[in-house]
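Visitor: I am new to this structure and should be grateful for a close look at a single part of it, namely the spaces inside the protein and the residues around them. Please describe them in a connected account.

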Amino acid sequence: MKPTKKIWFDGQMVPWDEAKVHVLTHALHYGYSIFEGIRANSTPKGPAIFRLKEHIKRMGMGARAYRMQLPYTEEQLTQGCLNLVRENGLNDCYIRPIMFSSYGEMGVNPMKNKVIGAIAAWEWGSYLGDEGMEKGIRCTVSSWARIDPRTLPPHAKCSANYANSILAKMDALSSGFDEAIMLTTSGLVGEGSGENIFRVKDGILTTPTKTAGVLEGITRDSVIQIAKDNGIPFKEEDFLREDLYSADELFLCGTAANVTPIREIDNRVIGDGKFPMTKKIQQTYLDAIHGKIPKYEAWLSYASTPTIYSKGKP
Ligand code: PMP
């Protein structure tokens, strides 16, 4: 990780090295934190954060599911992200807001502890690699099932939920694969450990339904919009493990991973090893996040204009 100058820490910009917490911070012990993964990308009008409003809203929804009271308004968090990118002089970067139960009482119950927020931003290339984005990656179906909606709220980006992803990711990597695909507890295809999955068969694009318990990805939503705008037949539809093997194309998508083709699953080559529809969607998505498609301009929040605060902390 390449440090930047400042981190937004409980409403103040502090030097990177000074954004610290106590080892007895509640969230460190029980995973009670809600976070986001956002990107800013270079555009002809300077760095622009992609779908910032939707990311901040999702954090609020996750906090509600987990009964966490956020001590900041959506506006404060929005401006915090924009100011952070600008004040660090960043262009293409990843932005990580996190809201967590802080130091105070120990024990499972977090309700007596203050919730504190931080936002950090740093340069981070494509999560599954540039080569992966170009040539496709190798995946395996994990023996770990995706968290069940009866166990944890799957639409919330709560740190505790990610113990599930961590197990699947470590197993996939130690078996020589790039990423894990997790099935739901009822055996349907869920998603990657940090990405949503799409399938192309006979010219039709599909992705598992939200009720399968996948994260409601913002890239997923953008891909669906791009498909519809480009006349690509699309269905939100659950599918089975064997449908992975019979696909013409498969791809993963997420803020960190962008749109990454899957070239093999469980050592089976997908389709003919070319991914024409995936490449078309990938290119359109990359053009959209880099401000090259006027139609998608509404998805961008430009970081170049400083914000004047009316009162209080940023
Ligand atoms: N699924 C999981 C489990 C994730 O962690 C992510 C990354 N946030 C995604 C899907 C993709 O979501 P998004 O497109 O909003 O980044």
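Guide: In this predicted model, the largest cavity is lined by I38, R39, N41, F50, H55, I218, T219, T255, N258, Y285 and I289. The volume of this cavity is about 70 Å³, and a search of the whole structure finds one cavity of 30 Å³ or more. Three elements, β4 (38-41), α6 (218-229) and α8 (276-289), each contribute at least two residues to the lining of the largest cavity. The greatest contribution comes from β4, which provides three residues. Sorted by class, the lining of the cavity consists of five nonpolar, five polar and one charged residues. Two domains take part in enclosing this space: domain 1 (6-124 + 297-302) and domain 2 (130-274) each supply at least three residues of the cavity lining.

From the cavity, attention may pass to the largest pocket. About 650 Å³ of space lies within the largest pocket. Its lining comprises 32 residues, of which F35, K157, Y162, S193 and G194 are the closest to the centre of the pocket. Two or more lining residues are given by each of β6 (93-101), α5 (162-174), β10 (189-192), α6 and β14 (249-254). Here α5 gives the most, with four residues. The element α6 thus appears in both accounts, as a contributor to the lining of the largest cavity and to that of the largest pocket. By class, the pocket lining holds 14 nonpolar, 11 polar and seven charged residues. Domain 1 (6-124 + 297-302) and domain 2 (130-274) each give at least three residues to the lining of the pocket.

The ligand completes the picture. There are 15 residues around the ligand, and those that come nearest are K157, Y162, E191, T219 and T255. Two of these names have already been met at the centre of the largest pocket, where K157 and Y162 are among the residues closest to the middle. Two others, T219 and T255, belong to the lining of the largest cavity. Three of the neighbours can be described in finer detail through their side chains. A polar atom in the side chain of K157 is placed 2.6 Å from a nitrogen atom of the ligand. For E191, an N or O atom of the side chain is 2.5 Å from a nitrogen atom of the ligand. In the case of T219, a side-chain N or O atom is 2.5 Å from an oxygen atom of the ligand. The ligand taken alone exposes 390 Å², and the protein buries 96% of that area.

Terms used: Residues numbered from 1 in each chain as written. Predicted model: local features only at pLDDT ≥ 70, side-chain atom pairs only at ≥ 80, totals over all residues. Heavy atoms only, no water. 1 Å grid on protein atoms, 1.4 Å probe; cavity = no way out; pocket = protein on both sides within 12 Å on 5 of 7 lines; lining within 4 Å. Points joined across faces, edges and corners; volume = space filled by probe spheres on them. Nonpolar A, V, L, I, M, F, W, Y, C, P; charged D, E, K, R; others polar. Domains from an automatic or database assignment. Near = heavy atom within 4 Å. Polar contact = N/O pair within 3.5 Å; in protein donor to acceptor, adjacent residues only side chain to side chain. Areas by Shrake-Rupley, 256 points an atom, 1.4 Å probe, with all protein chains shown as cover.
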